[in-house]
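Thanks for sending this one over. My notes are below as numbered points, to be read with the structure open beside them.

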Amino acid sequence: PVAVGLLVAALLAGPGSALLSTFTAPLHGVDAAPLRLASAALGPVSRFELTASRLASGAWGFNAQTPGPVLRASKGDTVEVLLRNTDIEEGVTLHFHGYPVPNGDDGTAGVTQEAVMPGQQFVYRFAADKAGTFWYHTHQVSHAGVKKGLFGALIIQERPEPGEEVLIFAHRLVTGAASRQVAAGTPVTLRLINADDVTHRFLLTGVSWRLSAVDGTDLIDPGPVAGKALRLAAGGRYDVTFTMPEGAVQLGVDGQPRLGLSAPASAVEMGVPDLDLFGYGKPGTAAPVAFDRSHTVVLDRQLRLMGGLPGYAYTVNGRTWPQAPELIVRKGELVKLTVVNRDREAHPMHPHGHQVLVLSRNGIAPTGSPLWMDSYEVLPGETWEVALRADNPGVWMAHCHNLKHAAQGMMLHIRYE
Ligand code: C2O
Ligand code: CU
């Protein structure tokens, strides 16, 4: 096993092409996994097992439920997840969306591992060195697998948090309203996760609240908000916090009551302006201005013949996966990405393994708290400039998290040279 561990370490350090062709499941399987962490800081290990299977309802689940179980650990832990596939013939992987895992644990079938087929298993390990709200999902035929239910929440806690926590997913398989009794004065944290292909709108009424975190990163000194809806891009997360008032609090998703606290869900008002993240929170530090490298990514579509029928391909710089140009970076660089949407649909962009600092949207810089995101929605006609710190070597996917668009071409690699 030692030799295998060293070999894996050598592959990780080697050129990307060697990594791609040699980095297969047997090498990176159960036996090799513990050794890879030899040099990393080892905290207490939080172990989980997720078994993917077909459910009687037609959905696909982890441990016979959808969403799958919450993976909850404390900051400083080592998270270890044993994935098994019972009978998903299409194969399964685990991608920890937004989490800065080592490249070999990123779960991208065909890039960092082979898909886990029925009867097979795979162990993922990573250091939980960042607290926040994240999620996991399959990354093998992910447009079908996530839609069918292969996803769940990944919550890393800074410390045991007092009060009530409520997890809310936006996803077609998660519907209906719930209600819960919460004593007045209790701190409440709502963790909102968009596990769907499109933007969803959340509206919290009956209380003024704060948007405490975006995509797992805290905002600096966010102020109170009332009467505004929150647009959440596909793949994105918001932490919303408030103190339970005397009266009832309701959360609506796209105008449908979803959660009532201390009272049954009732009418949810809509039509209020969305929260403008760009001017929200205490002004932060100035954005970096000197970049080691810049890349431009143009999102568009092309009418093509696909299987003999005309259809739209979603393109990156005029090409579709896997022909799309790679974003080459070098470890340590500060990279500027300019993302232009020339298409008439929104594209929620998601780089794996990294968060980006938003520099501007249509030339306007955020004036509030620094905004670190891993799922940012580039609307038709928009241009976003974001900064990426190249601090996590490997070959990473970046793609539109409207997973249909990704499957129809809108994906590319970030590759360390
Ligand atoms: Cu949420 Cu490439 O994934
Ligand atoms: Cu898209």
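1. Strand β11 pairs with β16 (residues 237-243) through seven bridges, and the two run antiparallel. If you would like a landmark in this predicted model, take T189, whose bridge partner in β16 is T241. T241 is worth remembering, as it returns in the point on the second largest pocket.

2. β11 also pairs with β9 (residues 164-170), this time in parallel and again through seven bridges. Here L167 is the residue that stands opposite R191 of β11. How much of β11 itself is buried? Of the eight residues in this strand, which spans 187-194, seven are buried.

3. I193 is a good residue on which to centre the view, and it belongs to β11. Its relative accessible area is 0%, so I193 counts as buried. Which residues does I193 touch, leaving out those up to four places away in sequence? The contacts are T133, F134, W135, A153, L167, I168, F169, A170, L232, G236 and R237. L167, on that list, is also the residue opposite R191 in the β9 pairing. For a distance check, the C-alpha atoms of I193 and D215 are 9.0 Å apart, with their positions 22 residues apart along the chain.

4. Next, please look at β8 (151-157). All seven of its seven residues are buried, so β8 is largely enclosed by the rest of the structure. β3 (residues 71-74) joins β8 in the parallel sense by four bridges, while β7 (residues 132-137) joins β8 in the antiparallel sense by six. I156 is a handy place to see both pairings: it is the bridge partner of A73 and also of G132.

5. Now for the second largest pocket, which holds about 540 Å³ of space. Its lining has 29 residues, and those nearest the centre are E161, S212, D218, D239 and T241. Several strands we have already met take part: β8, β11 and β16 each supply at least two lining residues, as do β13 (210-214) and β14 (217-218). By class, the lining consists of 11 charged, nine polar and nine nonpolar residues.

6. Turning to enclosed space, the search of the whole structure gives three cavities of 30 Å³ or more. The largest has a volume of about 100 Å³. V297, L327, L337, V339, M349, H350, P351, V356, Y376, A398, L412 and I414 line this largest cavity. β22 (334-341), β23 (347-351) and β29 (411-416) are the elements that give two or more residues to its lining, and β23 gives the most, with three. What is the make-up of this lining by class? There are 11 nonpolar residues and one polar residue, with no charged ones.

7. The second largest cavity, at about 60 Å³, has another kind of lining, with four charged, two polar and four nonpolar residues. The residues around this cavity are W135, V146, K147, H171, R172, A195, D196, D197, H401 and L403. W135 will be familiar from the contacts of I193.

8. One loop residue also deserves a glance. A346 sits in the loop between β22 and β23, two of the elements that contribute to the lining of the largest cavity. With a relative accessible area of 25%, A346 is classed as partly exposed. Beyond its neighbours within four places in sequence, A346 contacts N341, E377, V378, L379, P380 and H405. The C-alpha atoms of A346 and E382 lie 9.2 Å apart, although 36 residues separate them along the chain.

9. Finally, a word on confidence. The average pLDDT of the chain is 87, and 86% of residues score at least 70. Where does pLDDT stay under 50? Residues 1-39 form one such stretch, for which the model has 48 contacts beyond four places in sequence. Residues 263-271 also have a pLDDT below 50, with 19 contacts in the model beyond near neighbours in sequence. Where pLDDT is low, the predicted coordinates should not be read in detail. I would therefore ask that the contacts of residues 1-39, where pLDDT stays under 50, be described with that general caution in mind.

Note on methods. Residues are numbered from 1 along each chain as its sequence is written. Chains are lettered from A and ligands numbered from 1 in the order in which they are written. This is a predicted model: local features need pLDDT of at least 70, side-chain atom pairs count only at pLDDT 80 or more; totals for chains, interfaces and linings use all residues. Side-chain values use heavy atoms; hydrogens and water are left out. pLDDT is the predictor's confidence in each residue, from 0 to 100. Contact means heavy atoms within 4.5 Å. Buried means under 20% relative accessible area, exposed over 50%, partly exposed in between (1.4 Å probe, protein chains only). Two strands pair if DSSP finds at least two bridges between them. On a 1 Å grid over the protein atoms alone, a cavity is a set of points where a 1.4 Å probe fits but cannot get out, and a pocket is an open set with protein on both sides within 12 Å along at least five of seven lines; lining residues have an atom within 4 Å of a point. Grid points are joined across faces, edges and corners, and a volume is the space filled by probe spheres set on the points. Ala, Val, Leu, Ile, Met, Phe, Trp, Tyr, Cys and Pro count as nonpolar, Asp, Glu, Lys and Arg as charged, and the others, Gly among them, as polar.
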